[in-house]
Structures are given as structure tokens and as C-alpha cells.
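User: Could you walk me through this fold and show the reasoning behind the labels?

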Amino acid sequence: MSKIVAADIAHITAAAKALSRGELVAFPTETVYGLGGDAGNDRAVAAIYAAKGRPSFNPLIVHVGSLNAAASYAELSPDALALARRFWPGPLTLVLPRLPGCRLSLLVSAGMESVALRVPAHPVAQALLMLSNRPIAGPSANPSGRISPTTAAHVEEGLGDKVAMILDGGPCRIGLESTVVSLLGEEPQILRPGGIDAETLAAELGRPVGMAPQVGDVAAGLHGPGRLLSHYAPACPVRLNATSAAADEALLAFGPNVPPAAVVLNLSTTGDLTEAAANLFAMLRALDRPEVKGIAVMPVPETGLGTAINDRLRRAAAPR
Ligand code: TXA
Ligand code: MG
């Protein structure tokens, strides 16, 4: 039976109750769908790792309703406050030192002294946080290593049997995960490019923001949790910077000038990176069919949101 329900107030209330019983519910955010569990309940958090098949050294994002709520769990430096005030609610996750006595499960931090916090902008996520009155641990609602879900149907495909319900809020507006910024060191550092680009963060802070070593860099993958190389991966192989498609390849195009191919989906015919980000995961899924032997992807410019799009594409193409 389908677990998908309309995200109306009755179902959001039921989802909040399920969370309080330690059950898992999938919910929409403006970035991707999250697999939610009570962040203060060790069993619920352990169930999230188990449902995703996620290595337990890869910590989870905790969603909270407001900056005030965030401040009750973690230490916010002046830089953290500046970023939170400007970009929350929104597609930004801050990695911060846990406060002493912090009531979040240590499992969300994978045993570390830090915690990743985010205030989502999606009204359904906001309502769920308010009605459940608890922080919600929420990684993307996909089996570990696979493509992140941007619709309720995607969630059902991967994790339908693992959740109490899936709140359907329609397709995600941004379609790429949040930008993860660490504020643990002297200078803020981007751990994962995402919905807010580096230039926009730098403009707010008044100085450049560094990027942790990324996929393809020497030794990337060795720099802490979440840096697994192969990720966001369709079942069939992905080939990047393609200028043409082979007979048995599907083409994931970008921009107005598209070479011929039997099956083509275009991330954005006008070359718009925001539109491309919103389409990326759904199109990778749509092209990932048994009769397709590989997905050829046209080049996407490495500017603005293109950095995050290319990060996901490189992971999708990485050796498994
Ligand atoms: O947009 C998003 O961020 C979505 C929606 C559902 O909010 N969530 C998401 O969560 O993508 P997840 O768990 O798939 O990705 C969390 C990322 C991982 O790269 C993880 O390694 C990193 O955040 N992370 C979490 N806690 C961390 C910590 N304490 N230190 C360093 N990195 C951390
Ligand atoms: Mg994920």
C-alpha cells in the first residue's frame, strides 16, 4: 500500500505524532525530501541509519524551526549568526560545536563534538517542526549512495517500506541539497556545495569562503565524513563532459545546442542553472532505465549553482 499522503494539517499532525513515538516519516523541504526521525531519540536516529543503509560514521543534519532553537543546541559564532540571520530559513546547513549538555542524540553527530543544523524554508517542514515540537534528524530520503529524492514518488520507490508515511509536498523547488558550511575552524569552510553558492556566502561575510577538498581532488574522500566519492549514483554508468551520445547512451543535455541522441532530457534548454538544479535528480532517475547502457552528460558551467550540480554529477560518475 502506498505511504504517500497529502501534506494537509491532519496528516502533518499524524506525522508529528509518529515522530514522537520514534517512527520515521518522510517530509518535503525546499531542497530534497528528508527522512525524518526524532533527533533526541537514539533509537529513532539509529533507525534512520538502518533504513538508509548509511555508514554510521556519516553524521546527519538536524532540522530545527528557528535560529533560537538552533542556539539551544549549538554554539553560534559571529560568522554563524551572520549566515543564519541572512539565509535561514533556507538551503544552508551550519556545522557547529555542540553545546555542553546538548540533548540531541550523539548518533546524529556520529560521535563527534559538532552538529549540522538547518532551518528549512518549506512550509510543510516548518509545520512539522512546530507541531512535533522537537528537532528532526533528516538526511535525504534515499538509500545511501543513490539519487536524492525530489518527489514523494521517488521516496516511496527507495524507502516506502521503511517509513510510517510520506508527506507529499510536490516537487522540491531547489532540487539540490543544502550547502554545508563548517564553522568549526578559524574560517568558514564549505564542506558540500549546494543550494547557496560560495559567492553569495562570501558576499554576506565580506570575505572569500574556502571550499574543502572536493571530489576529484587528490585525497578527496579522506577529509572527514560525508566525503564519500560515489554518491547520487544511478544504476547505469554516467559519462561527463559529453559532446555526443553513443547509440546505446541516453543524453542528459544542457543548453540550446544539443547533439542527436535516441533519448534526450534537457536540464535547461536556455542554460539556466537554477532550472538545471531543480531538474537534475528527477532527470537522472528518468534516464536510468534497463534499456539504457549509460548516461552521457553535457558540460555544465562551473559557476554559481553549477558548482553544486557538477559536484553531484562527478559523484554520480565516480568509480563505485
Ligand atoms: O538539503 C539537505 O541538506 C537535505 C534536506 C533533507 O535537509 N539533507 C541532507 O542530509 O542532504 P544528508 O544527511 O544526506 O547530508 C548531510 C551532509 C553530509 O554530507 C554529512 O556528512 C554532513 O552533512 N554533515 C552532517 N553532520 C556533520 C558534522 N557534524 N560534521 C561534518 N559534516 C556533517
Ligand atoms: Mg544524502
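Analyst: Happy to; below we take the labels one at a time. Please keep in mind that this is a predicted model.

User: What makes the protein chain as compact as a globular protein of its length?

Analyst: The chain has nine helices and 15 strands. Its radius of gyration is 19 Å, and the globule rule, 2.2 Å times the number of residues to the power 0.38, gives 20 Å for 320 residues. The two values are close, so the chain counts as being as compact as a globular protein of that length. Along the principal axes, the C-alpha atoms fill a box of roughly 60 × 50 × 30 Å.

User: How much of the protein chain is buried, and what does that word require?

Analyst: A residue is buried if its relative accessible area is under 20%. Residues of that kind make up 53% of the 320 in the chain. As for the surface, the chain exposes about 13,200 Å², with carbon and sulfur atoms supplying 57% of it.

User: Why do strands E1 and E11 stand at the edges of the sheet?

Analyst: The open sheet has 11 strands in the order E1-E8-E2-E3-E7-E4-E6-E5-E9-E10-E11, with mixed pairing. Strands E1 (4–6) and E11 (210–211) each have a single partner strand, so one side of each is left without a neighbour in the sheet.

User: How do you know that E10 and E11 are paired?

Analyst: Pairing needs at least two bridges. E10 and E11 have two bridges, in the parallel sense, so they meet that cut-off. Gln189 stands opposite Gly210 of E11.

User: And what makes E9 and E10 partners?

Analyst: E9 and E10 (residues 189–192) share three bridges in the antiparallel sense, and the cut-off is at least two, so they count as a pair. Val181 has Ile190 in E10 as its bridge partner. The two strands form a hairpin with six residues between them.

User: Which strand pairs with E5, and in what sense?

Analyst: E5 (residues 92–97) pairs with E6 (residues 114–118) in the antiparallel sense, over four bridges. Leu96 stands opposite Val115 in E6. Helix H4 (residues 78–87) packs on the sheet, touching E5 and strand E9 (179–182), and its direction makes about 155° with that of E5.

User: How does H4 meet helix H7?

Analyst: H4 and H7 (residues 198–205) pack at an angle of about 115°, with axes 10 Å apart. H4 passes H7 in a right-handed crossing. Residues making the contact include Leu83 and Phe87 of H4 and Leu201 and Leu205 of H7; here a contact means heavy atoms within 4.5 Å.

Key
Residues numbered from 1 in each chain as written. Chains lettered and ligands numbered in written order. Predicted model: local features only at pLDDT ≥ 70, side-chain atom pairs only at ≥ 80, totals over all residues. Heavy atoms only, no water. Axes fitted to C-alpha atoms, helices over the stretch in contact; angles between N-to-C directions. Buried < 20%, exposed > 50% of the residue type's maximum accessible area, 1.4 Å probe, protein only. Areas by Shrake-Rupley, 256 points an atom, 1.4 Å probe, with all protein chains shown as cover. Left-handed = near helix turned anticlockwise from the far one by under 90°.
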